[in-house]
Amino acid sequence: MSAAPSPVLHVGPRRSRPGSARAPDWSTMQAWLTKPANAKVFLQRARSYDAAGSPDAVAALLTSGSIEALAKASVASLAIAERVVIDVAHGQNAANPRRSLLPFLATSRGLSDAIAIYVRALALADRHHVNRAPSDHLRTAVVLADEASYRAGRDVAAKAREGLSLSARANLAFAFPDEPWANLDLEAWLAEPANAAQYVRIGFLLSAASDLDVVKRFLATSRAHYELPDVAGDLAATFPEDEVLPLLEDGLARFLKKPKYGAVLKTQPRRIAETVAAIGTPEAARVLARFASHPILATQILAWFRDHPEHTSVLESVAGEGSKLASTAQRIADKQGKKAVRARAAKDAELPSILRERPWTQKPEASDVIEGLAQKGMELERLDDELLETLDDEESEVRHARPMTKTELVAWREKLSKRGFLYADYEHVKTANGSWEWIEVPAADGLVAWGTERIDAKGKPHYVFTSASVLSFLRRHGVAAFAGWIRRDWPSHLPWESGPEAMHASRVIVSPAIAPAMAHVLTDRKQYRHHARTWLLRHARVAALGLVPDALGPLGAARRSAEAALVMMATAGERAAVEKAATAYGAAARRGIAALLARDPRRVDRAVPKRPSILKREDLPPIRLRQSDAILGRDSILGPEAVESVLDMLSLSLPEAPYVGLAELSASLDAASLGAFALELLEQWVLGDAPGRSEWMGFSVIHLPSPEGHARLASFAREQSTKNQAKCERACVALAEIGSDLTLLHLSRIANGTRFQKLKSRAAELLAQAAGARGLGVDELEDRTVPDVDGADAKERARVRERVVRRLEQLLITGRSLDREVFDSFFVKQPVVGPLARTLLWETEDAAIRFRIAEDGSFADVSDDTITLPASARVRLAHPARAPGLPAAWADRFAEYELVPVIDQLGRRAHALGKKEARASTLDVARGAKASAKKLMGLLESRGWRRNSAGNPSAFLRDLGDVRITLPITPGFEVRDLAHADAQSLGPLTFTRKREALTLGDLDPVTLSETVRDAEAASALGT
C-alpha cells in the first residue's frame, strides 16, 4: 500500500480510514448565517426556490442561527434552506464554497433525515438547472455516523437512488464511499457511449471507487483524465502503489503533451506530481525524475529531490551526461555527500561590530516637521530635449491624420462638457464608406481638456486620455502639458501594460512638481527604480527643490519616499545640490535636511522582510571568519543568530544599493565562504520557482560575489529567456548590476535572442545602462565581451560563433568604425573573432586604404604587399556600395587563399540612383508586394528591423546611423493572432532624420543599398 498522502492532497474521508473525517464547527457556521449582509441575499434566493410558499420563513430560519429551529423545521423547508446556503456561499466564493447545513442536521435530526433533505435539495437543483456538485459535508456526516445511524441512512439512500438519474444518484454514491455504489455508477456511465460524447460529469466518483479496473477504464476515456488531479490523492490512499503510480505517470504525460489548440495546462500536472511526491518511495522518485526536465514541473520536482537527497541516485540515473539535469543532480549529490563542518561558533567579541550592534533594528532619529513649505523652483521647468531625442514614439510616427472639422469640433466639445470618453489629441472615426481614419484635435482645445480635472460619478478625479502616446503629447505641447500629467497618479499605472509609456513620458519632464512621484517610484516601484534614480541624479537641483517640502512635512509615505531619495542623492555625489535646495527654504529647513543627512546610514526606516518558506537554513553553508587572529584560526564560523543577521542585511539590500553594513561584513569574513553562502541562497531561490517577493535571495550573489555565483545566475537567466519573462527579467537586473564581461555577455545574448518583445527591450535597456557605466556604447561593449571558447562544448562554441557573425554583418551594414586599439585587441587578436575577421575586407574610415588580415595578424593590400596602418587610423568593414567595382580583384585574392567569407560582403549588390530617383522622397521597390505577416516579421526582425507597436504593428522601422527607415504595412496585424493574420501589403519606404523627411539622394549609399536589399527580400516572400 502506498505511503500516507500529504494533508495538502485533500483526501476524502472514509469509514475504512478512521480519523479521516472531522466534525465541522457550528459556531463558525452560525456566525456566517447571522451576518447582517446575508439576510437580504437569503431572502432573494429563497424566493427563487419557493416564490408561492413561505420564503420569508426560510430566510428567517437561516438568519436565526438556531440549531434548535433547524431541528424542528420541515424537510421541505430545510431542502430549500440547504439550496440557499449552497448558492449564496458559492456566489461569495465560487472557488471554495464550504457551507452546508447537512452535517449539523445529521447531528440534530439524524443521518436519515439529512439524506432525505439532500435528495430534495438535488431535485431543486435539477429544476433550476444549477450545476450539481457532490456534498463533501454529507460525506463527512456519513463517515462520522455511529453504526446504527449509518445503516439507517444507507437504507434511505439506497431506496432514493432507485428513482434518480445517473448524475443525481452519483452524488449519493460519493457520500457513501465504503459502499460499492461508485463502482456501479461508473460502470453504468461506461456502458452508455453517449455519456462520453456529452461528458456527463461524474468523475468525482473516482474518489469513492474501490474497483481499480473500473477506475482505469474510466480514465482511459477521451476527457476523463481531466478529473485525475482532483482525485489523485484518493487513488494514492486507496490502491496499491504499484497499481496507482502508472496511472499517475500516464496522467502526467497526457497533461504535458502540447494540445492541438491552446497552451499546456500547468496546475493539473503539478497537483498530480504533488501526489507522486507524497508517496515518496524510490518508485515514485523514478516517476518524478522522468519529468524533472520539463519546464512546468522542473522547479517543483527538483525542490523535492533537494529535500529528499536519499533519492538523488534516481535523478542521476535518468539525467543525460552533460545535461543541465545532470549538473543539478550533481549539485544535490554534492550537498548530500558533504560532511558536517566541525567548527566552533565565533564568540560575540570575535564578531564584526555590525553583527553585534544590529543597527538596522533601530529606527533612524526623528527629524523636525516643518509644514506649509511651498514648492520652489517652478521657473526651472523644461523638457529634457536630449533625452526626448532618444525616446521614440514609434507608433504615432506612422499615423496619418486630417484636421478636425468645425462640426466635429462642436461634437467633441459637447462630449467634453458631458464628461464623455474622449481623447485630447486624435479621434478615430468611421467614414461614410465604412473605413476608419484619424482626425486631429486642435492643439488649444486638446491642451485645455488635458489639463482639466473632472469628477466622475463616484467622486473620483477623471481625465481625458491620449490616443497616441503621452510622450508625443508632451513633445507637441511642451511645458504647458506638464500640469495635466503630473497631477495624475501615474506611478500607480506602472505595473500595467502602459507602464513603460508612463515612465518614458515622466522622464522627459524636468520639474520640481514631479520629483515626489519620482521618489515614490524609487522606493516602491522596483521595475522602474533605475529610471527614477537616474532622473533624480540627472536633475539633482530641480529634484531636491521638489523633495525638501515633503522630506520635512508630516510623517507618512510621502515623507519616507522624499527622505530616501534625498539621502540617495547625497550619497551618490549630489550632496551639494541637496544642501543648496534646503537653504532656499530657509534656516529651519537647512537644519532639518542637515539632520537627515547626518543620520546613521546603517539604520533603515523599513522592516526586515519576512523569511520566505523556500529558505532552508539547514542547507546554508557556514560563513567563516577571516584568519586575522592566530588564536581564532579558520575553524571559527558564524553562529545561528549571526547568520540570521546576515540574512537580514541581504534582505534589506537592493541590486544597485546594498545595505551599507555589508561592506563592513565582507571585510571581516572569509570571502569564499560568503560567496558559497550567496550561491546556496541563489540555488534555493531558483528551486523555489524564483518568486519576485524573495528576489533578494537571488540578488545575494551581487553583494557576496563569486565566479560560481555569477555563472549560475547567468545560466538561470538564459534558461528563463525562453520560458518566463518575469523571472528572466529579475535575473537580468542582477546580471547588469554585476557588470562583468561574463554576465554582460549573457545579458547581450538575451537582448538579441529572446522571443519575448518586452524582455528583449528590457534586456537591451539594462545592457545600455551597463555600457554607460563603463563609458561605452552597447556596440562598443559587445566588442569587448566576446568570450574565449577554449574548453567550451561544441554547442557553446557554435553559439558564440553565430553571435560574432551576426555582429560582423551589423558592423558592415552600419559602417561603424573602430579605433586602432580596439580593432587590434578585440578583432585581430581575439581567439574567436580573429579567424572570422580574416575572411573579410577592411578599410580605413576615409577609404584610403583597403586590406585583409593575414594569418600572422599583419595587414596586406590587394597585391598581397604588407602595409602599416597609422596608429590613429579608424577601421571599418568595406562595403561595395561605397566603391563600385571593388569586389572583383579582392574576390580573386580571397579565393587564392581559400578564405570563405563568413558573411556576404563582396557579393553584396550596390544600388545606384538615377537623377530622378535621387529627388524622390520614397523608395517604391516593395510598394504593392504582399507577404505573409508571419514570414515578414521573421525576416525583417532577423535583419534588425522592429515593429512600431509590440502588439499591433502597422509598420516596421529600422535605424541606420541617424536615419530612421519606415516600411508601412496594410492592414496591419495582431501579434497574438499571427497565425490568422491577413497577408500584408507593403507600402513605400520613407526616410527621416530627426523627424525631417529625406530624399533618396540624401542617403548614404550603404543605407540605401541595405534598405533595397531588405525590401527585395520582403517582396519575394509571398503569402
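**Sheets, helices and one glutamate in a predicted model**

Visitor: In this predicted model, at what angle does helix 43 run to strand 15?

Guide: Helix 43, residues 794-814, lies across strand 10, strand 11 (842-844) and strand 15 (874-877). Relative to strand 15, the helix runs at about 105°.

Visitor: Which strands stand at the edges of the open sheet with the order 10-15-11-12-13-14?

Guide: Six strands form this sheet, and their pairing is antiparallel. An edge strand here has a single partner strand, so one side of it is left without a neighbour in the sheet. The strands in that position are strand 10 (818-819) and strand 14 (866-867).

Visitor: Which residue in strand 14 is the bridge partner of Ala-860?

Guide: Strand 13, residues 859-860, pairs with strand 14 in the antiparallel sense over two bridges. In strand 14, the partner of Ala-860 is Thr-866.

Visitor: What is the average twist from one strand to the next in the open sheet of order 3-5-4?

Guide: That sheet has three strands and mixed pairing. Its edge strands are strand 3 (401-403) and strand 4 (426-430), each pairing on one side only. From one strand to the next, the twist averages 40°.

Visitor: Which residue in strand 5 stands opposite His-428?

Guide: Strand 4 and strand 5 (residues 436-440) are paired in the antiparallel sense, over five bridges. Opposite His-428, in strand 5, stands Trp-438.

Visitor: Why is helix 31 described as oblique to helix 32, and what is the handedness of their crossing?

Guide: Helix 31 (residues 540-551) packs against helix 32 (residues 557-584) at an angle of about 130°, with the axes 8 Å apart. That angle makes helix 31 oblique to helix 32, because angles over 145 degrees count as roughly antiparallel and 65 to 115 as roughly perpendicular, the rest between being oblique. By class, their contact has 17 nonpolar, no polar and five charged residues. The crossing of the two helices is left-handed.

Visitor: Is Glu-644 buried, partly exposed or exposed?

Guide: Glu-644 is found in helix 34, residues 640-651. Buried means under 20% relative accessible area and exposed means over 50%. At 23% relative accessibility, Glu-644 therefore counts as partly exposed.

Visitor: Which residues does Glu-644 touch, not counting residues up to four places away in sequence?

Guide: Leu-235 is 409 residues from Glu-644 in sequence and 42 Å from it in space, C-alpha to C-alpha. Leaving out residues up to four places away in sequence, Glu-644 touches Arg-611 and Arg-617.

Visitor: How many residues of strand 20 are buried?

Guide: Strand 20 spans residues 963-970 and is mostly covered. Of its eight residues, the number buried is six.

Visitor: Which residue takes a positive phi in the hairpin of strand 19 and strand 20?

Guide: Six bridges join strand 19 (residues 955-960) to strand 20, and the two run antiparallel. One of the partners of strand 19 residues is Pro-968 in strand 20, across from Ala-955. The hairpin has two residues between the strands, and the residue with a positive phi, near 65°, is Gly-961.

Visitor: Which residue in strand 21 is the bridge partner of Ile-969?

Guide: Strand 20 is joined to strand 22 (residues 989-993) by three bridges, running antiparallel, and Ile-965 stands opposite Phe-991 in strand 22. Two bridges join strand 20 to strand 21 (residues 984-986), again antiparallel. In strand 21, the partner of Ile-969 is Leu-986.

Technical notes
Residues are numbered from 1 along each chain as its sequence is written. This is a predicted model: local features need pLDDT of at least 70, side-chain atom pairs count only at pLDDT 80 or more; totals for chains, interfaces and linings use all residues. Side-chain values use heavy atoms; hydrogens and water are left out. Two strands pair if DSSP finds at least two bridges between them. Helices (H or I, at least four residues) and strands (E, at least two) are DSSP runs, numbered from the N terminus. Axes are lines fitted to C-alpha atoms, for helices over the stretch in contact, and angles run from 0 to 180 degrees between N-to-C directions. Angles under 35 degrees count as roughly parallel, over 145 as roughly antiparallel, 65 to 115 as roughly perpendicular and the rest as oblique. A crossing is left-handed if the near helix is turned anticlockwise from the far one by less than a right angle, and right-handed if clockwise. Ala, Val, Leu, Ile, Met, Phe, Trp, Tyr, Cys and Pro count as nonpolar, Asp, Glu, Lys and Arg as charged, and the others, Gly among them, as polar. Contact means heavy atoms within 4.5 Å. Buried means under 20% relative accessible area, exposed over 50%, partly exposed in between (1.4 Å probe, protein chains only).
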